[in-house]
Amino acid sequence: MYNAGASRTSGAHRSCQKDPVPHRDLPHPRLEIDRQRAEFADAAVEDRFNRHHLPERSAQLKISLLFCAAFYVAFGATDVATLGPTTTAGVMIALRVLVALIAGAGLLAITRRPESVRVAVLAACNVEIVGLAVFMVLCWYQPAAMTWNVMSQALILMAIYVNIPNRFIYAVWIACGSSAVFCVMLFVQGSLRMDDQVALVLLLMLGNTLGYIGARRFHLAQREQFRSAILLEQLADRDPLTGCFNRRVLQRGLLDAELARARRYGTALSVILCDIDHFKRINDTHGHAAGDHVLHEFGGLLLAMTRETVDSVVRYGGEEFLMVLPETDLDGAHALAERIRHAFGSTGSAVELGQFVTATASFGIAAVPALDPDAPDRPDMLVEAADAQLYAAKRGGRNCVRGVAVTAAPVRSTA
Ligand SMILES: Nc1nc2c(ncn2[C@@H]2O[C@H](COP(=O)(O)OP(=O)(O)OP(=O)(O)O)[C@@H](O)[C@H]2O)c(=O)[nH]1
């Protein structure tokens, strides 16, 4: 990968910014799904997926927490009916209220931190773990209602697997762990006949198996859909001949975002408009397919010589390309353009067996200097300035680089 040196600094500010447009395609292995965990294998992609689904997940979680709180407290009536107005019944109701409070705290946390995936996961885990622990205590003190309680446990399992949005792996651990504890309690308590105990254990195993299969299918299907959407978006943003971005990416605000970022952080920004010289002649002499091949090679060279995840290369027109170079000043952009010009002009493109075409390219640069209070605020000003420089390069004999610093202050140009 090309390293532009001192005048092109690292993308330190960029990592904390939200990109309107991805700079390069995510390579396909990063979109792999770990089918056991039912999550994307790459943590960054999984995070992107979670953020995308957070509003819808939070809305569902809020409803689930409300229902949990309401039903936990409502079932307190059965404690009083079974045990009468005793201290044990009072303690049970207090425990039920505790679960409702935990659910309420989760609801409050999600409302206050709607942007946090961690808070949503924590709220789901807390209510599940505390709710199940309290449920075990309630069951322990009501051995006569054990059959009903196993059925309740099976329904709670469904809520954990399906209704309460959580990480699949956490749901599996919490549901299976609580079922195991429940089975141990069933045997230790010994309030049921052995055949009933075995039947109830099988019932819990069935609940977990069905829940596992259903939840896993749901988690995988959601991620497969997300992956397809990403791949389609990548296809829509790319020019199939060169692999560079197409103009749609500019319409989606790539340059606007980079200019806004440069102005905000006081960093430099350069754009280079470049055009293959006498390209029509290549088409006319060697045919359109050969022209396509030269375009393909030129696009590949631009991509290879710019910084992955930082710079963007857009096929701007037929044989014209626009490079957007954040944190790059005029000297840095000029040096890069010279390197590309030299690399392209000195290597031919094999257009047929044993037949090479050599071509040259011209470059026009417009650069916003770092810490410039008069930096332009319209991206079209940059593109127009780069276009004027490209025109000057063409008029100046082609196969050369022209550049200008775009600012309200006196301009400096390079030749
Ligand atoms: N093979 C091929 N040719 C294309 C493509 N897009 C545009 N062109 C051709 O590129 C040529 C551009 O020609 P001009 O605009 O005259 O520019 P030029 O011949 O490069 O001359 P200068 O830019 O002045 O050096 C036209 O003949 C277009 O048909 C493409 O995708 N493939």
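**Notebook: helix contacts, ligand shell and two single residues**

I began with the α4 and α5 pair, where Glu 128, Leu 132, Phe 135 and Cys 139 of α4 meet Met 146, Asn 149, Ile 156 and Ile 160 of α5. By class, I recorded six nonpolar residues, one polar residue and one charged residue in this contact of α4 with α5. I note here that the model is a predicted one.

I then looked up the geometry of the pair. Helix α4 covers residues 117-140 and helix α5 residues 146-163; their axes are 11 Å apart and the packing angle is about 175°. Angles over 145 degrees count as roughly antiparallel, and α4 and α5 are therefore roughly antiparallel to each other.

I turned next to Ser 152, which is placed in helix α5. Is Ser 152 buried or exposed, or something in between? I entered Ser 152 as partly exposed, because it has 16 C-beta neighbours inside 10 Å. I also looked up its separation from Phe 135: the two are 17 residues apart in sequence, and their C-alpha atoms are 9.4 Å apart in space. Phe 135 is one of the α4 residues that I had listed in the contact with α5.

For a second helix pair I took α2 (residues 76-83) and α3 (residues 87-112), which pack with axes 9 Å apart at an angle of about 170°. That angle makes α2 roughly antiparallel to α3. On the α2 side the contact is made by Gly 76, Asp 79, Val 80 and Leu 83, and on the α3 side by Thr 88, Ala 89, Met 92, Ile 93 and Arg 96. I sorted the residues of the contact of α2 with α3 into five nonpolar, two polar and two charged.

I consulted the UniProt record for these parts of the chain. Its unreviewed entry places the feature "transmembrane region" at residues 63-83, 89-110, 117-138, 144-162, 169-192 and 198-215. I checked two of these spans in the model. Residues 63-83 are 95% helix and 0% strand, with the end C-alpha atoms 31 Å apart. Residues 169-192 are 88% helix and 0% strand, and there the end C-alpha atoms lie 32 Å apart.

I moved on to the ligand. Which residues come nearest among the 16 around the ligand? I listed Asp 277, Phe 279, Lys 280, Gly 291 and Gly 318. The elements giving two or more residues to the shell are β3 (269-276), α10 (279-286) and α11 (288-304). Of the elements, α11 gives the most, with four residues. By class, I found seven charged, five polar and four nonpolar residues in the shell around the ligand.

The last residue I looked up was Ala 370, in the loop between β8 (361-368) and α13 (379-395). I entered Ala 370 as partly exposed, because it has 17 C-beta neighbours inside 10 Å; a residue counts as buried at 20 or more. Leaving out residues up to four places away in sequence, Ala 370 touches Gly 266, Thr 267, Ala 268 and Asp 329. Ala 262 is 108 residues from Ala 370 along the chain, yet their C-alpha atoms are separated by 7.8 Å.

I closed with totals for the protein. I counted 13 helices and 10 strands. Buried residues make up 35% of the 415 residues. Among contacts between residues at least 6 apart in sequence, 74% join residues at least 24 apart.

Conventions. Residues numbered from 1 in each chain as written. Predicted model: local features only at pLDDT ≥ 70, side-chain atom pairs only at ≥ 80, totals over all residues. Buried ≥ 20, exposed ≤ 12 C-beta atoms within 10 Å, placed from the backbone. Contact = placed C-beta atoms within 7 Å. Near = placed C-beta within 6 Å. Nonpolar A, V, L, I, M, F, W, Y, C, P; charged D, E, K, R; others polar. UniProt positions renumbered as here; feature names shortened; annotations may be inferred. Axes fitted to C-alpha atoms, helices over the stretch in contact; angles between N-to-C directions. Parallel < 35°, antiparallel > 145°, perpendicular 65-115°, else oblique.
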